[in-house]
Each structure stands twice: as C-alpha cells, then as structure tokens.
Amino acid sequence: MVLDLLGSDLDLRAWVLSPTGRLIAGSKVSGPALPVEVCARLAAEQLAAARTGRRGPHRLTLGASTYSLFPIRGGGRTPQGARDVRETVLSDWLLAVEADAGDWPDERLDLLQGVTQLIAVERDRRDAARTVRRRLAQEVLELVQTGAAPAEIAARLRVAAPVLLPGLGAAPHWQVVVARVEWDGTDIEAGPVAQSLLEEILVDPQTTGPEPSDRIAVAHSGDEAIALVPLPAVSAEHDGSESGIHADVLLDAVRDPLTAGLDGDGRVTLGVSAAVHSAEGLRGALEEARHARRVAAARPGRVCAAGHQELASHVLLLPFVPDDVRRAFTARLLDPLRDYDRRHRAELIPTLEAFLECDGSWTRCATRLHLHVNTLRYRVGRIEQLTSRDLSRLEDKLDFFLALRMS
C-alpha cells in the first residue's frame, strides 16, 4: 500500500482518517493504531483549518509528536471546483503524517500531494461501492413517501436485506435515522452533504479500513439524509431497540471534529426512530425520526441528536412553541433570578435546577449542593419571593422546569 511506501522509502509514519476521526488505514511502520482521542483531535484540526481557508499542510503538536495534515478529496473535487468549501469539508478524508512539514522542500510536498491523489482513487472506489446501497435506500424512501402499498415496500425490503445484512436468516427489523446539515445564510445543496456525513457517522467506530459498513444505506430527499438501518430480528419479548442505534451515544465519538468543521455557522441535527418489524411500520418510523430531529434542532449546540424515547415526553412539544412565546415565558420566570444572581452571586438558578432534579427533596438537594438544609430553604424562599411562585405546588414546579428546558 502507498502508506507502506512512505514508511519504507521516507521513514514516515502515516495514517488516513475520516472527517469524523475514524482510523481508515495506517502504514505497517506506523506501529500501534493512533488512540481514538488523537484521531479526533487531528480530524478537528483539519476541519477547522479547511473552514478558515488556512494554507496547508496544517500542523498540530500533541505531546511529543507533531503531525502534518493533508486533505484527501474524492471525485476530483477541489475547493475551487465546489461552490463553497462547506460542500466538501465534512466529507474529505485526511492524511496525517508524523512529521513537521513546515520546512519541507517543494519536491517532498509535491510527493505527499501525489500520495493523497492515489488515496483519493481508493476513496472514490469506496464511494462507488455505496452506490447500490444508496439506490436501494432511495427506492424504499420513494415508496414510503408516496404511500405505496405495504406489500410493495416489503418486496423492496426483501431485496435490500441480503445486500445490507448478508447472511441474515430471518427478516430484519428496521430503524430510520434522519440527519440535516444547515449553514447560516447559504443556499448550499445540503442533502448530498448530509448523506455523505450520515454514512460516515453510522460506520461502526471500531471499524478500520476503507470499506463501508454493510449496514449503511442512506438516501437524501431535499435537505435531509435518511438512513435505513437493518437490525437482526430478536425474540418476541424484545422490541429490537436494545441492539439498535441509540441517539444519546450516536454522536459521542464525532462531536468534537464535527463542531470544528461547522465552525460557528453550521449545525448537524439527527433523529432516530424506534425499531419497526415490518413494512407497515416504516412510514411511521420515518415520521418519528423526523420529529426527533426537530426536537434535536431545538437544543443548543452545533451537533445534536434525539431519539424516539423523547417523543413520549414534554420535550416533543417544546420545539413547536413559537420563539417569541418561549422568550416571554422564560424571561417572566427566570429573568428576576438571573438579575439577582448577577448582583449578589447567589446561585439561585443552579439551586432551582438542582431542587427540581431532586424532585423537591430538601435533604438530597442540600447534599448535592453541599449546603446546609437551612441555607437551601433560604435560597428557595428567595426564589419564591422574587417570582411570586410556590415551589411546593406541582404547577409552579412544572412551569420552572419547562422554563429551564426552553432557556
């Protein structure tokens, strides 16, 4: 492999990483695989540098090692060829070399650029291998969205199942994941960007190598990317969700690199459905995943996800409250406390949060905050005085809880 030539001919340790920090390949002389946290830091640095237009190769020192980073673009894409660098920044691979390329001669830099072009050929082959899966997902999605008969959808799923989950004996269960990439003030066609990114997010983080996961089938519709994920069928007493995708852990490993790539003006939001057992449930799963994504979009942060479990909660309603109503509601309840905290450093807001999270238990809340119970009672009394509310009443507790969730 080309990375082995870098090691044998130039004595360079090198690795290929995905934009989310997944280790795709390393040379034989590179030794042990890079730690996950190092991969994430390198990917974050490359994404941040690409977004700001800094001239490469980009360099990052971690501990005693300095790494030089070179982008790998597929399909002959270049920043000039794209309408906006944001069209490619979340999908480009990168070559990380353990060396400081800042003082390299042009000949060596040209050699490394040539290496990235060779790796790009492999990356294009990987993308081509996903074509069948993408087409299957697109066909199923169109059938679901046009209200096709369940029997027709089921027939298409029977074709898809052996491709997505080879060797499966019984019909699988299915989950749907919906993703959206949004950039402030741009007209970038976000659907393909979200599709490529969701394919990478859904790869098992323990998987190395350029081959895509057999379970990835992602279509896009408008600005959305929609993944159809098969799950092995389980016994009747389980709903299939235990072995499925969980929104609360889906983005853990990729949050830092993606936040760097979004660079203050972009967002990635995802929603995950429950597992469904047949074609009849697929339309509901799609709507469930879309609702969950809207719940995620109502949260602060550049990278957010929500799962189907949250749709049975009050949080389902919060994204659909008009912004001016949310602001007025939270200001009326919380602004007096914020003003008081600002003037007196009284920590009434943290006290209120802890009190509600402890279900109004004076002892548990005082222990959690490392306060005497009398001090806690004084603070809660001050909260009630400033807001004209009574924290012994369920209605007032609920109002405070919602205000904190919407703030």
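Helices (H or I, at least four residues) are DSSP runs, numbered from the N terminus.

**Figure 1. Overview of the chain.** The model shown is predicted. The chain holds 14 helices and 10 strands. Of its 407 residues, 48% count as buried. Take the contacts between residues at least 6 apart in sequence: 69% of them join residues at least 24 apart.

**Figure 2. Threonine 330 in helix α10.** Threonine 330 has its place in helix α10, which covers residues 323-344. Its relative accessibility is 9%, so threonine 330 counts as buried. Two of its contacts, leaving aside neighbours within four places in sequence, are Asp335 and Arg338. The others in that set are Ala403, Met406 and Ser407.

**Figure 3. The open sheet with antiparallel pairing.** This sheet has 5 strands, in the order β2-β1-β5-β4-β3. Its pairing is antiparallel. β2 (23-26) and β3 (58-62) stand at the edges. Each has a single partner strand, so one side of each is left without a neighbour in the sheet. On average, neighbouring strands are turned by 25° against each other, direction ignored.

**Figure 4. The pairing of β3 with β4.** Strand β4 spans residues 65-72. β3 and β4 pair in the antiparallel sense, over 5 bridges. One bridge can be picked out by its residues: threonine 61 has threonine 66 in β4 as its partner.

**Figure 5. Helices α2 and α3 across the antiparallel sheet.** α2 lies across β1 (14-17), β2, β3, β4 and β5 (93-97). It runs at about 150° to β3. Helix α3 covers residues 106-129 and lies across β1, β4 and β5. The angle of α3 to β4 is about 55°.

**Figure 6. The open sheet with mixed pairing.** Here 5 strands follow the order β7-β8-β6-β9-β10. The pairing is mixed. At the edges stand β7 (218-221) and β10 (303-307). Each of these has a single partner strand, so one side of each lacks a neighbour in the sheet. From one strand to the next, the twist averages 20°.

**Figure 7. Strand β9 and its two partners.** Strand β6 (residues 173-183) and strand β9 (residues 266-272) pair in the antiparallel sense. They share 7 bridges. In one of them, valine 181 has valine 268 of β9 as its partner. β9 and β10 run parallel and are joined by 5 bridges. Glycine 271 stands opposite alanine 306 in β10.

**Figure 8. Strand β10, buried on both faces.** All 5 of the 5 residues of β10 are buried, so this strand is largely enclosed by the rest of the structure. In a regular strand the side chains alternate between the two faces of the sheet. On one side of β10 are Val303, Ala305 and Gly307. On the other are Cys304 and Ala306. Both faces are covered.

**Figure 9. Helices packed on the mixed sheet.** Strand β6 pairs with β9 in this sheet. Helix α4 (residues 131-145) packs on the sheet and touches β7 and β8 (224-231). Its direction makes about 50° with that of β7. Helix α8 (residues 255-262) packs on the sheet too, touching β6, β9 and β10. The direction of α8 makes about 130° with that of β10.

**Figure 10. The contact of α2 with α8.** Two packed helices are described by the angle between their axes and the distance between the axes. The axes of helix α2 (residues 36-52) and α8 come within 7 Å and cross at roughly 10°. That makes α2 roughly parallel to α8. From α2, the residues in the contact are Ala40, Ala43, Ala44, Leu47, Ala48 and Arg51. They meet Asp256, Pro257, Leu258, Ala260, Gly261 and Leu262 in α8. By class, the contact has 9 nonpolar, 1 polar and 2 charged residues.

**Figure 11. Arginine 51 beside α8.** Arginine 51 lies in helix α2. Its relative accessible area is 12%, and arginine 51 is buried. Arginine 51 and leucine 262 are 211 residues apart along the chain. Their C-alpha atoms are separated by 7.8 Å.

**Figure 12. The crossing of α11 and α14.** Helix α11 covers residues 348-357 and helix α14 residues 394-406. Their axes come within 11 Å and cross at roughly 120°. The crossing is left-handed. Ile349, Leu352, Glu353 and Leu356 in α11 meet Lys397, Phe400, Phe401 and Leu404 in α14. The contact residues divide into 6 nonpolar, no polar and 2 charged.

Note on methods:
Residues numbered from 1 in each chain as written. Predicted model: local features only at pLDDT ≥ 70, side-chain atom pairs only at ≥ 80, totals over all residues. Heavy atoms only, no water. Pairing = 2+ DSSP bridges. Helix = DSSP H or I, 4+ residues; strand = E, 2+ residues; numbered from the N terminus. Axes fitted to C-alpha atoms, helices over the stretch in contact; angles between N-to-C directions. Contact = heavy atoms within 4.5 Å. Buried < 20%, exposed > 50% of the residue type's maximum accessible area, 1.4 Å probe, protein only. Left-handed = near helix turned anticlockwise from the far one by under 90°. Nonpolar A, V, L, I, M, F, W, Y, C, P; charged D, E, K, R; others polar. Parallel < 35°, antiparallel > 145°, perpendicular 65-115°, else oblique.
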